[in-house]
Amino acid sequence: MPVAKPESSDARVIAHIDMDCFYVQVEQRKQPELRGLPTAVVQYNSWKGGGLIAVSYEARKFGVKRSMRGDEAKYVCPEIQLVQVPVAHGKADLKIYRNAGSEVVSILARKGRCERASIDEVYLDLTDAAETMLAENPPESLEDINDEALKSHIVGLAEDGSDVKEKVKNWLCRTDASHRDKLLACGALIVAELRAQVFMETEFTCSAGIAHNKILAKLTSGMNKPAQQTVVPSVSVKELLAPLPIKKMKQLGGKLGDSLKSNLGVSTIGDLLQFSTEKLQECYGINTGTWLWNIARGISGEKVEGRILPKSHGSGKSFPGPHALRTIGLVEHWLNELCQELSERLVADFEQNKRIAHTLTLNARAYMLRDTNSQKKFPSKSSPLRYGIAKIQEDALNLFHAGIHDYMGSYASKGEKNQNNGWGITALSVSASKIFTIPRGTGTIMNFFPTQSLACCASPQLSGDASMHEVVQLTAAEIESGSKEFTTAKESIGGIPGMYPRDQKRKIQEDKGIGSIMGFFEVPVQSCPSLNQEPHEETSRSSGHGSESCWQKNQAESQNRLLYGEQPQCLSVGPTMNPQEGKRKKLQGTSSILRFLKSSKYSTHDRIEIFQEPCVPSSSGEMRARGSGGSERGEWSYKANEIDPTVIDELPPHIQQEVWSWLKQSHSSKPSSSTITRYFFPPK
Ligand code: TTP
């Protein structure tokens, strides 16, 4: 539900920039011979000439529309040039368009706070630039007004007659205008310049809306296309909004719009004006009611977020009709493709922007063969994101198993890889979200555990409760046994980003014994606030006094290895620093995580909090802790023979040795007293 944001009394200048027939322009830049010709970009699927996803303005004149397929477009415009979208991983590859969008953003961001709203849309807050211009070079003082600015459309200014440019010039240069209008005039000049700059540097044209808020700017950027701009003075807002069908207003396209229509008989924004704020609040609650009252008057305080990089990365594909996926084998195949693309984008984001994503989410559209009318939706499933293609693929598949288990309910069957399981999947997507930039100068392994670092910041005094931040991994086994509490996308939202609510009931899943080095590190690493700053004793010594210590280099290398799925030779983790001592604590042979864990004032304690239930060896050589009486944690266990050797290879050599020796011991069903085992299994 929309929430009203108070609009500040100071006028703002906001622009919404929207590229014209964007994919077509990108393709035309690649193949300049297509310029000026009716052109369309079609989906890779060649059925009936492929679905059109972008249509040039030349082709639109012939009646070609985006809803058409290539064959139909050829019918209405025989000379149309159809360009197929690039393909990778068996699906459309949008990299070229994304990169082209980034080129544009980098130019627009020179003039003000910039929010990338989609692949080809940007909001700009130009208030400061407009204020500066008004103070230093007001439009009326300019000898020449940029021709692009003179071609602006001013809502409310009649465009009849032959002297439209003169009228626009007069409007832009009025000395008796209100401060708000003067700022908008400056905004119009700045945007005209920016658009010209974009064209010069990228060869792309774009259109823009310039207003006092985001909603009005967005509404008008598409009013005059291509390559034009529209300005919304305050006095014309009512005239602009009154005839607008409510469905055209952002946030009113769905259920809220339907409800306004059916409950209050509202069809246009103008119809909304007759309702008092009290009435709207009574019907829709204080927040939404206030928002509706404001929006009817063009009032919105929504800020332009300073964000030029995407909030998430996603890779998806639909499988309509007969292409629906009916077996786990096929789902796995496509998930692998999608995850590969996702992983490539994550790696690129890391390399270019030093950003790391924390949450992996799987979405799907499904139907049940035995109940094709079912309205049930495939649930969205999320888990912490582990870097490395194979890990993402594995986790995504597990999320799928979790989802299909919930979706099918009692009909869920174990199913062979190539067996039809009573369901069909018509769309699959994986996405990575909760993306954070690695803080500068902290090139440490901590960056791989932002969940934990956040937890650390949030709770300097880690109690046993902190142990609740463990990585939850989903496994097929769990899903089938139904023993797991799965985290859905919705559940993982809220609280500190990337961190699960503390009071959430958790069970540790170590599906392959130790599971992952990530899970291995998590609590102890987070519990050492000084880790970010303190170089490792050994490595720092050898690094001399250079600005970037060997420690930092090692950590950067470790990050890369993890990121690219390589196996580190040795992951060194720095010692904790006791603030009372005020000097670095010396650890001998500190390259072992184990020593670090032992030295951490929280580490053992925290882990023991997790594993405080007594351990009992089981008959199968499996170490098992039983939830005692009223414990909510239930039972956790892992079997020695289920430990994935590749996971052990990820551990530092010291620990590998210990794990292997523990494994040997556990095969003889004897609890080990080694440090690593103690770490996992506290003494009775
Ligand atoms: P839009 O901005 O909606 O359209 P456009 O840029 O092609 O044309 P206009 O000048 O009218 O704004 O979409 C931007 C790009 O996103 C578009 O070029 C192709 C892609 N796209 C799809 O792939 N599928 C879709 O359904 C839509 C709407 C867009």
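1. Starting from the outside: the chain exposes about 31,000 Å², and carbon and sulfur atoms supply 50% of that area. Keep in mind that this is a predicted model. Of the 684 residues in the chain, 52% count as buried.

2. On the overall build, I get 26 helices and 19 strands in the chain. Looking at contacts with a separation of 6 or more, 67% come from residues 24 or more positions apart.

3. Now the ligand. It is surrounded by 13 residues, and the closest are Cys21, Phe22, Tyr23, Tyr57 and Lys225. By type, the shell around the ligand splits into seven nonpolar and six charged residues, with no polar ones.

4. Where does the shell around the ligand come from? Domain 1 (1-20 + 94-308) and domain 2 (21-93) each give at least three residues to it. In terms of elements, β1 (14-19), α1 (22-30), β3 (52-55) and α2 (57-61) each supply at least two residues of the shell.

5. A few atom pairs at the ligand are worth pulling up on screen. Tyr57 has a polar side-chain atom 2.6 Å from an oxygen atom of the ligand. For Asp120, a polar side-chain atom sits 3.0 Å from a ligand oxygen atom. With Tyr23 the backbone is involved: one of its N or O atoms is 3.0 Å from an oxygen atom of the ligand. As for cover, the ligand taken alone exposes 560 Å², and the protein buries 68% of that.

6. Helix α1 deserves its own point, as it helps line the ligand shell. Seven of its nine residues are buried, so "mostly covered" is a fair label under the cut-off of under 20% relative accessible area. The buried ones are Phe22, Tyr23, Val24, Gln25, Val26, Glu27 and Gln28. Their cover includes β1, β2 (39-42), β3, β4 (81-84) and α4 (95-108).

7. Thr39, found in strand β2, is a residue to look at next to α1. Is Thr39 buried or exposed? Its relative accessible area is 0%, and buried means under 20%, so Thr39 is buried. Leaving out residues up to four places away in sequence, Thr39 touches a list of residues including Val24, Gln28, Ala54, Ile80 and Val83.

8. Last, the polar side of Thr39. Its side chain makes a polar contact with the side chain of Gln28 (3.4 Å). A polar atom of the Thr39 side chain also lies 2.8 Å from the backbone oxygen of Leu37. For a distance back to the helix, the C-alpha atoms of Thr39 and Gln25 are 9.4 Å apart, with the two positions 14 residues apart along the chain counted as their separation.

Terms used:
Residues numbered from 1 in each chain as written. Predicted model: local features only at pLDDT ≥ 70, side-chain atom pairs only at ≥ 80, totals over all residues. Heavy atoms only, no water. Helix = DSSP H or I, 4+ residues; strand = E, 2+ residues; numbered from the N terminus. Buried < 20%, exposed > 50% of the residue type's maximum accessible area, 1.4 Å probe, protein only. Contact = heavy atoms within 4.5 Å. Areas by Shrake-Rupley, 256 points an atom, 1.4 Å probe, with all protein chains shown as cover. Near = heavy atom within 4 Å. Polar contact = N/O pair within 3.5 Å; in protein donor to acceptor, adjacent residues only side chain to side chain. Nonpolar A, V, L, I, M, F, W, Y, C, P; charged D, E, K, R; others polar. Domains from an automatic or database assignment.
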